[in-house]
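Colleague: Hello! I am new to this structure and would love a close look at one part of it. Could you walk me through that part?

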Amino acid sequence: MSEEETHTRLTAWVRGRVQGVGFRWWTRSRALELGLVGSASNLADGRVEVIAEGSRDHCQRLLAALRSGESPGSVEHVAERWSHPKGGLSGFVER
């Protein structure tokens, strides 16, 4: 498989008590451990949006971590969307 085929973009929307509890920092740490690039951003409706690009396996591992119950706060639901990577990202930032 080519790099384009093995790399993907994960967008996940995390609902629950996930703002103001260190959730974005925790997500950033997990993403960096997995070598992913992207961001974790607070949304006005109380959710956190996570965008991650990298290998599909590592993105799946990040998604599993988001759903693991081991994060700060309390996750009620994680919605996901998979798409082709857009590129242009460096590092993993909290917004």
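Which residues does the UniProt annotation "active site" cover, and what surrounds them?

Modeller: Happy to help! A word on the ground rules: this is a predicted model, where local features need pLDDT of at least 70, side-chain atom pairs count only at pLDDT 80 or more, and totals for chains, interfaces and linings use all residues. Residues are numbered from 1 along each chain as its sequence is written, and side-chain values use heavy atoms, with hydrogens and water left out.

According to the unreviewed UniProt entry, the "active site" annotation covers Arg24 and Asn42. UniProt positions are given in the numbering used here, feature names are shortened, and such annotations may be inferred rather than shown by experiment. The two residues are spread over 19 residues of sequence, yet they cluster in space, with a largest C-alpha distance of 8.1 Å.

Let us take Arg24 to begin with. You will find Arg24 in helix 2, residues 23-33; helices (H or I, at least four residues) and strands (E, at least two) are DSSP runs, numbered from the N terminus. Arg24 counts as partly exposed because its relative accessibility is 22%, given that buried means under 20% relative accessible area, exposed over 50%, and partly exposed in between (1.4 Å probe, protein chains only). Not counting residues up to four places away in sequence, Arg24 touches Ala40, Ser41, Asn42, Val48, Glu94 and Arg95; contact here means heavy atoms within 4.5 Å.

Now for Asn42, which lies in strand 2, residues 37-42. With a relative accessible area of 31%, Asn42 is partly exposed. Beyond its neighbours within four places in sequence, Asn42 is in contact with Gln19, Arg24, Arg47, Val48 and Arg95. The side chains of Asn42 and Arg24 are joined by a polar contact of 3.4 Å. A polar contact is a pair of N or O atoms within 3.5 Å; within protein, one must be able to donate a hydrogen and the other to accept it, and residues adjacent in sequence count only if both atoms are side-chain atoms.

To place this pair in the whole, the protein has 3 helices and 5 strands, running α-β-α-β-β-α-β-β from the N terminus on. Of its 95 residues, 35% count as buried. Among contacts between residues at least 6 apart in sequence, 77% join residues at least 24 apart. Along its principal axes, the C-alpha trace spans about 40 × 20 × 20 Å.
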